[in-house]
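This report describes a single chain, moving from one helix pair to the chain as a whole and then to a few individual residues.

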Amino acid sequence: MNTSEQPGEPGGAARPAASDLGDMTPSSPVGRLAATVDRLSREVRAAQAEAEGRALIELAKGVLVARLGCGPAQAARQLAELAEQSQATPLQFAVDVINQAARDRMSEVTDAFLAATAAVRTADQDEGAVGAGAADAAENGEAVAGSAAVRLRAAESGALAANDTQAVADALLEQALRPLGAVAVAIWAAGYDGSLTLVGSAGFPPAEAARWRYVPPDVATVARRGLTERAGQWYASLAETGLPSVGRHQYPDGGRVAVPAGTGGRIHGVLEIAWAAPLAPQPPQVVRQVEALAELCAHTLESYTPSGSGLEPRVMPDAVELMDLADGLHDPALVLVPHLDASGHLADFRIQHVNKRFLDPAGRPRAVVGGALLLEAYPMAAGDSELFRNVERVYATGEPFRARHMNLTALVDQVPLSAVADISVSRHGNAVLLIWRIEDETARLASLLQHAQRLGRIGGFEENLLTGEITWNGQLFDLYGRPQTSAPVPLEELAAHAHPDDAVAIGRFLRTLLHHRRPASAAFRLRRPDGVTRHVRVVAEPVLDTDDRLLLVRGACQDISAQHWTEVALAATRDQLAHTEQQAIERARLTLQLQHAIMPPAQAPLRVPELQVAVRYRPAETEQLVGGDWYDAVVLPSGLVLLCVGDVAGHGIEAATSMVVLRNALRGLAVTGAGPGQLLSWLNIVAHHLTGGVTATAVCGLYDPARYTLRWARAGHLPPVLVRGPGAEPLPLVRGILLGAAAEAAYEEAEVQLAGGDTLLMYTDGLIERRDRPVEEALTQLLSTVRPTPNTLDQHLDRLLTYSRSDTDDDTCLVGIRVG
């Protein structure tokens, strides 16, 4: 008969396939056989549950015997009656009795489940879930909490009854972790050197567990992250950690948890749990359940004994052997043992032993420090420095700690005393070795002085004038370029080692120091035996005896060569800057003269009947006053008035040179009598062929005073603006590309009829352009600025320049005419 494994049966029990059973009625032989199999399966599951909970029931009986003062038989009857009254199974009621009696971590986890169930029930009632639905929710919640308590107590019983860590791993996975969806578990033992040994696993293939049997120190894994962080590490998937771990090929995308397993402040290992699928954020009850299971593993790991394969952690000496080790050290050392509080948590460390070389920062005898608690002897170590936290971490993880120049603080009679020391902390068995070397203040200051002399290139000397004894330090020998085995140079021979031109300065220094007996200083050039010349500054003072006689001279020499050459370079830079400034002033003067030659500051007035003409020019760069913008207003022999503005690309003298060519060319072409369109066409040929490919924009107009008309054309330029009465509008655009863009180009003309009082403005884009807005918006702003019209045309143009909002730092040309 074929069978198929049904997912709802424990252990994957085989049931007959539906396609092969045929008639399944109770009266048929096959139906009777299926009913028998189902009944026997239920009996087997009940027997397994009874066997798993027998230890818990017996423990509950013992609690009742102690509390009620009755015998075992009466306690069994009481347990059954109370379970029936509470509508719970004997196993669930036994777990409740154990939780109430123990009040340990397991009972706390169960209480968390009950609290969560009550919160869910309250929320359901608040939302109006009344009647049978709310009752079912409450019953389901209590059933979940009860099953969780049974699982935890069953797992605890199995773990404590197991004789090895492998059995503990099996018990944890089957009893407590599979209901949470976990598929595998690993128990790691931490070595004193930071290594990890896989001492128990369940759910992982045997070959995979064998590959991960030992992890050397400093290898980053998920388990080591839980060990070093000393807190539970919960990851949605193993892939997101970027860390390798056992089972990474079987469950690459599954969730992973690493929780340190520790008791009494010491971490003995890590409990690692694997899920097959990504792990969602877990509620606090589940987190506390996993932490309680890790604490179970810690009790097992605490008594774990390596098999002696050479890969497991070695057994380290106890505190007695460590005391002998500390006495053999040449550095001050303390032997610390953990001090636990009433609840079994690490509260402090007791100073078990102080070696003979130990020096207390507060100067107390070793007998006072030895035997005291660490925080009693050094109470500020818990706050002002990291000493206690590092000792605690080393004891918990077994990883040694080293630090240089750590501040140690002691508190004696409410007076804080500080010292600087090199620290070494390591764990050996169940004890901690703390080594510190307090720096001697005198030696530290001497070292500081030596470093200051070396960095400042300062050498000291002292010369006894009575005995002739001279003392130099090493820096002074290096400054003179002489070996330290050679004889120092007396002050009277100083001039012989200096540049001849500095003899006067050295003589003045010696007279002040030796004859007048006053402190003196001098700067000179020292010539060393290796041919190198150094710039040196010497400072010295005399020392007199009680009879006011000159006894000795002491002082210092400093190498100031770098400072000297810096001053020389600075002086040269100042000279170069002054020369550059003079060139800039001369260039500005020449450009100003060129500007005045091209476009004089005062434009000669045009004598045209019933017509006012005014022009303005504002250069962009104050250092180069000549730009690429240009204008022109001139009366032609024909009686017409030529009006034009233009803008050559660029600034400075180069742009001005091209502008002069175009401006003069247009003046010469205008006498031919051609119209503005033809003039721009010819000017385009000039720009393209005769100026080296310069590009420019322009507006050209011919005003007829007799007819009051203006014929005009444009080459890529903004159109003129006509101000008539209260309004202002730009003239309609005519076609025309910018000058120099093509070898030949035609330009369209237009004619506008002017009347008395009309004002026409021609301008370059420097008047209106802004970086933060388009040209159209800037032109609209100009149209609002030109209204109303002032009394005179000059005032009108000055007002436009004053209120211009341009910010592009471009040249500006402005030509205006007013009829009447």
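For the helix pair discussed below, an axis is a line fitted to the C-alpha atoms over the stretch in contact, and the angle between two axes runs from 0 to 180 degrees between N-to-C directions. The model is a predicted one, and the values that follow should be read in that light.

**A helix pair**

Helix α7, spanning residues 165-177, packs against helix α11, spanning residues 284-302, at an angle of about 165 degrees and with the two axes 11 Å apart. Since angles over 145 degrees count as roughly antiparallel, α7 is therefore described as roughly antiparallel to α11. The crossing of these two helices is right-handed. On the α7 side the contact is made by T165, V168, L172, A176 and L177, while α11 contributes Q289, L293, L296, C297, T300 and L301. By class, the residues of this contact comprise 8 nonpolar and 3 polar ones, with no charged residue taking part.

**The chain as a whole**

The chain contains 23 helices and 28 strands, and of its 820 residues 42% count as buried. Among contacts with a separation of 6 or more, 59% are between residues 24 or more positions apart. The accessible surface of the chain comes to about 41,600 Å², and carbon and sulfur atoms account for 54% of that area.

**Individual residues**

Which backbone angles deserve attention in this model? Most residues other than glycine have a negative phi, and against that background two loop residues can be set out. R517 has a positive phi, near 55 degrees, without being a glycine, and E610, likewise not a glycine, has a positive phi of about 55 degrees.

| Residue | Loop between | Relative accessible area |
|---|---|---|
| R517 | α18 (503-515) and β16 (520-527) | 36%, partly exposed |
| E610 | α19 (561-598) and β19 (611-618) | 46%, partly exposed |

A further residue, G474, belongs to helix α17, which covers residues 474-480. With a relative accessible area of 26%, G474 is partly exposed, because buried residues are those under 20% and exposed ones those over 50%. How many Å separate the C-alpha atoms of G474 and Q484? These two residues lie 10 positions apart along the chain, and their C-alpha atoms are separated by 6.8 Å.

How values were computed: Residues numbered from 1 in each chain as written. Predicted model: local features only at pLDDT ≥ 70, side-chain atom pairs only at ≥ 80, totals over all residues. Heavy atoms only, no water. Helix = DSSP H or I, 4+ residues; strand = E, 2+ residues; numbered from the N terminus. Parallel < 35°, antiparallel > 145°, perpendicular 65-115°, else oblique. Left-handed = near helix turned anticlockwise from the far one by under 90°. Contact = heavy atoms within 4.5 Å. Nonpolar A, V, L, I, M, F, W, Y, C, P; charged D, E, K, R; others polar. Buried < 20%, exposed > 50% of the residue type's maximum accessible area, 1.4 Å probe, protein only. Areas by Shrake-Rupley, 256 points an atom, 1.4 Å probe, with all protein chains shown as cover.
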